[in-house]
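Grab a pencil and open the viewer. Below are some exercises, each with a solution that goes step by step.

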Amino acid sequence: MSLNLPFDNTYDKLPDRLFARQEPAKVADPALVIYNRALAHELNLTGNASNAELAAIFAGNHVPKGASPISQAYAGHQFGNFVPSLGDGRAVLLGEVVDRNGARRDIQLKGSGRTPFSRGGDGRAWLGPVLREYVVSEAMHALGIPTTRALAAVTTGEDIIRQEGAVPGAVVTRVASSHLRVGTFQYFAARNDRDAVETLFDYAVSRHYPNASTPLEFLNAVIASQARLVANWMGVGFIHGVMNTDNTSISGETIDYGPCAFMDRYHPETVFSSIDQYGRYAYDRQREVIVWNMAQLASSLLILENDQDKAVTAFTAAVHAMPAILDSAWLNIFRSKLGMTRDHPNDLGLIKDLLATMTETSADFTNTFRWLSTGNENLKPAHTQAFDDWRQHWSKRIADEDQPEEQMLAANPAIIPRNHLIERMIKQAQHGDLDLLRQLTNALAQPYVSDPNFDSFTAPPEPHEEVKATFCGT
Ligand code: AMP
Ligand code: MG
């Protein structure tokens, strides 16, 4: 094989109750669907592998030299209910590499067969969710929002059975600054395993927050990263869909793209996930839920403290401070979306008025902000008096800003991965047509640039194209 992955593994050196050694399953007929050469370069992968060789590696048929495949243990609250044992039920961490910037990155195969954590599942993934994760996570990165990345997608040559019937099996290679989750801490805290929580704490501190020296400082650092992350999601209309604590990263990266979606029409209560019956993870509730998730992390860290009363008080205060941190990050993001750099007491009111008008008129989230940034009338929402009035107020407000247009163009993407396009791309890929996959990946790589070649991707869906529900990645 002529792909060299310079593995430098650390997680597999931790006590072995943190993971299970697990080889990826061999599959019938691996074929490369898409490979991220720019990311491979960033990760220091070298060599001239053929597509067949790449497919063999990223399907799990050929375990590259230096890999040390493991599945990680974690627990988690799923829709509020604690599940003490989840873990990588269909994922294998091949190992870690140190990238060109000196950052340690995990390389993980997802969809690579059963593991000791599979419970009733088949350990597989199908092409649809694999390509959704590939395209949406790469789009998230291009938008400038912390996220896991996608290095490769391959098909396995084996059909698997899902709601949709028999569908092509696939594997996505995910790259993360680590796969530590809130649920990783919960797994060991729930077992009263103080040593393991301490090991994880030391590991997470050295990998992600080297300036934190106490559990409280660590908690505060994770809270700050997650507040920034969720504020960023809100700024681009992203709905994660399954913000369970096992899908909440310690690093502050977006992780686990399941039934996620970008909103077309603005409404704060938007939900796409077919499994989210009560709207627990609706667009606007993400900011409350992340605080709840951080409270779960806080609980897991308590085991590290000798003086419980003192720790409970301090951790509670840290969690209670989070909404204000998030609100402030949110306000800054929406301020920059509207070209407002200077602090002005009525900015929050102005933003809220706009969002209220957008809700009433079902305005397209992305295009409304892009219209305000570019003046492109094609992007304009349905005309109403309320919009006109609002625009007058806003024009007055930004009159004394230096270069509001420049700032707005950098804060308001022209293009997002719209649901109906993702669905169309998946259908075509299922029939072996990868054109739309390639076009979308190209278009989404520079989301803040208006490119007339991609105008068809910036239009909201026609009523018959609208995607009403998205399904979990399983
Ligand atoms: P998710 O909803 O994808 O975040 O997964 C929640 C849990 O279910 C994790 O422990 C996964 O590893 C596990 N899981 C999801 N899909 C499968 C599958 N097809 N086979 C085995 N385990 C799975
Ligand atoms: Mg998950």
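**Exercise 1.** Find which residues of H10 are buried, and work out how they are arranged around the axis.

*Solution.* Start with the list: Asp 347, Leu 350, Ile 351, Leu 354, Leu 355, Thr 357 and Met 358 are the buried ones in H10. Now look at where they point: they cover an arc of only 160° around the axis, so they sit on the same side of H10. The general rule helps here: an α-helix has 3.6 residues a turn, so residues three or four places apart point the same way. Keep in mind that you're looking at a predicted model.

**Exercise 2.** Check whether the end-to-end distance of helix H10 agrees with the span you'd expect at 1.5 Å a residue.

*Solution.* Helix H10 runs over residues 347-361, which is 15 residues. The expected span is 1.5 Å times one less than the number of residues, so for H10 you should get 21 Å. Next, take the C-alpha atoms at the two ends: they are 21 Å apart, so the two values agree.

**Exercise 3.** Describe the surroundings of ligand 1, beginning with the residues that come nearest.

*Solution.* First, the neighbours: there are 18 residues around ligand 1, and Gly 87, Gly 89, Arg 119, Asp 122 and Gly 123 come nearest. Second, sort that shell by class: you get two nonpolar, eight polar and eight charged residues. Third, hunt for polar side-chain atoms beside the oxygen atoms of ligand 1. Arg 119 has a side-chain N or O atom 2.9 Å from one such oxygen. For Arg 90, a polar side-chain atom lies 3.1 Å from an oxygen atom of the ligand. Asn 247 also has a side-chain N or O atom at 3.1 Å from a ligand oxygen. Last, the cover: ligand 1 taken alone exposes 480 Å², and the protein buries 88% of that.

**Exercise 4.** Look at Arg 119 and Asn 44, and say what sign phi has in Arg 119 and in Asn 44.

*Solution.* Begin with what's usual: most residues other than glycine have a negative phi. Arg 119 isn't a glycine, yet its phi is positive, at about 50°. You'll find Arg 119 in the loop between strand E7 (104-110) and strand E8 (125-126). With a relative accessible area of 53%, Arg 119 is exposed, since the cut-off for that is over 50%. Asn 44 also isn't a glycine and has a positive phi, near 70°. Asn 44 belongs to the loop between helix H1 (37-42) and helix H2 (51-59). Its relative accessible area is 23%, so Asn 44 counts as partly exposed.

**Exercise 5.** Work out which backbone atom the side chain of Ser 137 reaches, then do likewise for Thr 184.

*Solution.* Ser 137 is in helix H3 (residues 127-142). Its relative accessible area is 0%, so Ser 137 is buried. The Ser 137 side chain reaches the backbone oxygen of Glu 133 at 2.7 Å. On to Thr 184, which is in helix H4 (residues 182-190). Thr 184 is buried too, with a relative accessible area of 2%. Its side chain reaches the backbone nitrogen of Arg 181, at 2.8 Å.

**Exercise 6.** Locate Thr 470, and find how far its C-alpha atom is from that of Gly 258.

*Solution.* Go to the segment after helix H16 (455-458), where Thr 470 is found. Thr 470 has 1% relative accessibility, so it counts as buried. Along the chain, Thr 470 and Gly 258 are 212 residues apart, but their C-alpha atoms are separated by 8.3 Å.

Methods:
Residues are numbered from 1 along each chain as its sequence is written. Chains are lettered from A and ligands numbered from 1 in the order in which they are written. This is a predicted model: local features need pLDDT of at least 70, side-chain atom pairs count only at pLDDT 80 or more; totals for chains, interfaces and linings use all residues. Side-chain values use heavy atoms; hydrogens and water are left out. A residue is near a molecule or strand if one of its heavy atoms lies within 4 Å of it. A polar contact is a pair of N or O atoms within 3.5 Å; within protein, one must be able to donate a hydrogen and the other to accept it, and residues adjacent in sequence count only if both atoms are side-chain atoms. Accessible areas come from the Shrake-Rupley method with a 1.4 Å probe; for residues, only the protein chains shown count as cover. Ala, Val, Leu, Ile, Met, Phe, Trp, Tyr, Cys and Pro count as nonpolar, Asp, Glu, Lys and Arg as charged, and the others, Gly among them, as polar. Helices (H or I, at least four residues) and strands (E, at least two) are DSSP runs, numbered from the N terminus. Buried means under 20% relative accessible area, exposed over 50%, partly exposed in between (1.4 Å probe, protein chains only). The arc is that of the directions from the helix axis to the C-beta atoms.
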